[in-house]
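Student: Please show me the model, and then let us go through how its sheets, cores and charged pairs are arranged.

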Amino acid sequence: MTSPFPRDARTARDLLAQIHALPLDGKVRVMNVCGGHERSITMAGLRGALPPNIELIPGPGCPVCVCPEEDVHAAIQLALRPDVTLVTFGDMLRVPANVPKTEPRSLEQARAAGGDVRPVASPAEALTIARDNPGREVVFFAAGFETTTAPVVAMLAGDLPPNLSVLLSARLTWPAVAMLLDSEEAGFDALIAPGHVATVMGPEEWGFVVDKHGLPTAIAGFETDSILRALLSVLRQRLEGRVFLDNCYTGVVRPGGNPTARALMDRTLDVVDANWRGIGVIPASGFALGADLAAHETVQRFGLDLNAARKRAGQMPPGCDCARVVLGKVYPDQCALYGRACTPRTPIGPCMVSDEGACRIWWSSGVREPRADRHEPA
């Protein structure tokens, strides 16, 4: 993973100049996996600064967007119980579930209906709330990818209060990319992999993109120059015909990742087949609490039925194209609801809720109208 390319460009301007100088033949589609990458790309206006034949495609890097609808629904029902305090990361509060209009469709609405719902910024806050309220059941609804899961497992490995349980909706990032590449049409020619995930899990997890599929791949951080450096790398790889995994985030990403975090994950969690909202079950793509933590597992503790018969259970809301946006099949403004029924003030789908959702990011950058070639869901 030592790049053969010289790191001579020092600024974003230099990197852009080198990208524009590349003799690329035809369109090159580059997927950026992470919602943080998409935010940096969009807010910096990189799409408008790049040659028109380079297409940057947002990928499945929004954990809020793919959090199973049945988990959101279960969290809402728990929050409405008088004996439960529901704590979760703030961007989960407005994620909608598929319920009748007469019922709360989000944790925010459950709180307005009297539920004890508290946003937290870290697992440590969930611990404090549980310890300060020993007479109440405290449920920590924890959704996220590997970087969010790492501090959760640090909490799980400690001394947990008996009134704390965890509704875990944690996912691994790479299996979704593997699913796309194993499909009939992947939809991209090169990959920019997320630097924060590689920091925890190690860059080696992304080697399959090169070894199995022969696609140029580079790991990037979140600064504009790091993303441009990764983009320049995959374009050069494609142009020169030498494909490899390039670490363009060397200041943080090390071989093997974070051994302490990985050891805690192995100790506390099991890797399981997991449902991704609107997409379906992806093998070995999720985390579940290990057997030693069964007493703190929310579904067992409360006897929840996550597969209860509900209209559109597990799906995106009617007309919502979030699943195709997450998979890089359509751009946010190609959804028929974008900018019309679905806005940050009135979100229909989860991609308009989270700061890592492509729809919310595009809206925040000033894209407010659906495009003429919008996709009409069946």
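The questions and answers below take up the sheets, then the cores, then the charged pairs.

Tutor: This is a predicted model, in which local features need pLDDT of at least 70 and side-chain atom pairs count only at pLDDT 80 or more, while totals for chains, interfaces and linings use all residues. Residues are numbered from 1 along each chain as its sequence is written, and side-chain values use heavy atoms, with hydrogens and water left out.

Student: Which are the edge strands of the open sheet of four strands?

Tutor: The strand order is β4-β3-β5-β6, with parallel pairing. Strands (E, at least two residues) and helices (H or I, at least four) are DSSP runs numbered from the N terminus, and two strands pair if DSSP finds at least two bridges between them. An edge strand here pairs on one side only, and the two that do are β4 (116-120) and β6.

Student: Which residue of β6 is the bridge partner of Phe 140?

Tutor: Strand β5 (residues 137-144) pairs with β6 in the parallel sense, over seven bridges. Between the two strands the chain passes through helix α8 (residues 146-156), a right-handed β-α-β crossover. Right-handed means that, with the strands pointing away from the viewer, the path from the first strand over the helix to the second runs clockwise. The bridge partner of Phe 140 in β6 is Val 166.

Student: How many residues of strand β6 are buried?

Tutor: Buried means under 20% relative accessible area, exposed over 50%, and partly exposed in between (1.4 Å probe, protein chains only). Leu 164, Val 166, Leu 168 and Ala 170 point one way from β6, Ser 165, Leu 167 and Ser 169 point the other way, and all are buried. Strand β6 (residues 164-170) is therefore largely enclosed by the rest of the structure, its buried residues numbering seven of the seven.

Student: Which residue in β5 does Thr 88 stand opposite?

Tutor: Strand β3 (residues 84-89) runs parallel to β5, and five bridges join them. Opposite Thr 88 in β5 stands Phe 141.

Student: In the open sheet of five strands, by what angle are neighbouring strands turned against each other on average?

Tutor: This sheet has the order β2-β1-β7-β8-β9, with parallel pairing. Its edge strands are β2 (54-61) and β9 (245-247). Axes are lines fitted to C-alpha atoms, for helices over the stretch in contact, and angles run from 0 to 180 degrees between N-to-C directions. With direction ignored, the average turn between neighbouring strands is 25°.

Student: At about what angle does helix α12 run to β8?

Tutor: Strand β7 (residues 190-194) and strand β8 (residues 217-220) pair in the parallel sense over four bridges, with Ile 192 opposite Ala 218. Helix α12 (residues 224-240) lies across β1 (28-34), β2, β7, β8 and β9, and its angle to β8 is about 175°.

Student: Which residues touch the most other members of the largest nonpolar core?

Tutor: A nonpolar core is a set of buried Ala, Val, Leu, Ile, Met, Phe, Trp, Tyr and Cys residues joined through side-chain atoms within 4.5 Å. Leaving aside neighbours within four places in sequence, Leu 191 has contacts (heavy atoms within 4.5 Å) that include Met 31, Val 177, Trp 206 and Val 234. Of the 71 residues in the largest core, those touching the most other members are Leu 107, Phe 141, Phe 188, Leu 191 and Trp 206.

Student: How many residues does the second, separate core have?

Tutor: Val 87, Ala 126, Ala 142 and Met 265 are included in this core. Its size is 31 residues.

Student: How far apart are the closest N and O atoms of Asp 189 and Arg 29?

Tutor: A salt bridge is a side-chain nitrogen of Lys or Arg within 4 Å of a carboxyl oxygen of Asp or Glu. Asp 189, in the loop between α9 (174-182) and β7, and Arg 29, in strand β1, are 160 residues apart. Asp 189 counts as buried because its relative accessibility is 13%, whereas Arg 29 at 25% counts as partly exposed. The closest N and O atoms of this salt bridge are apart by 3.0 Å.

Student: Which residues are linked with Arg 136 in a network of salt bridges?

Tutor: The side chains of Arg 136 and Asp 116 meet in a salt bridge at 3.8 Å, N to O. Arg 136 lies in the loop between α7 (123-132) and β5 and Asp 116 in strand β4, so the pair ties together parts that are 20 residues apart in sequence. The residues linked with Arg 136 in the network are Asp 116 and Arg 118.
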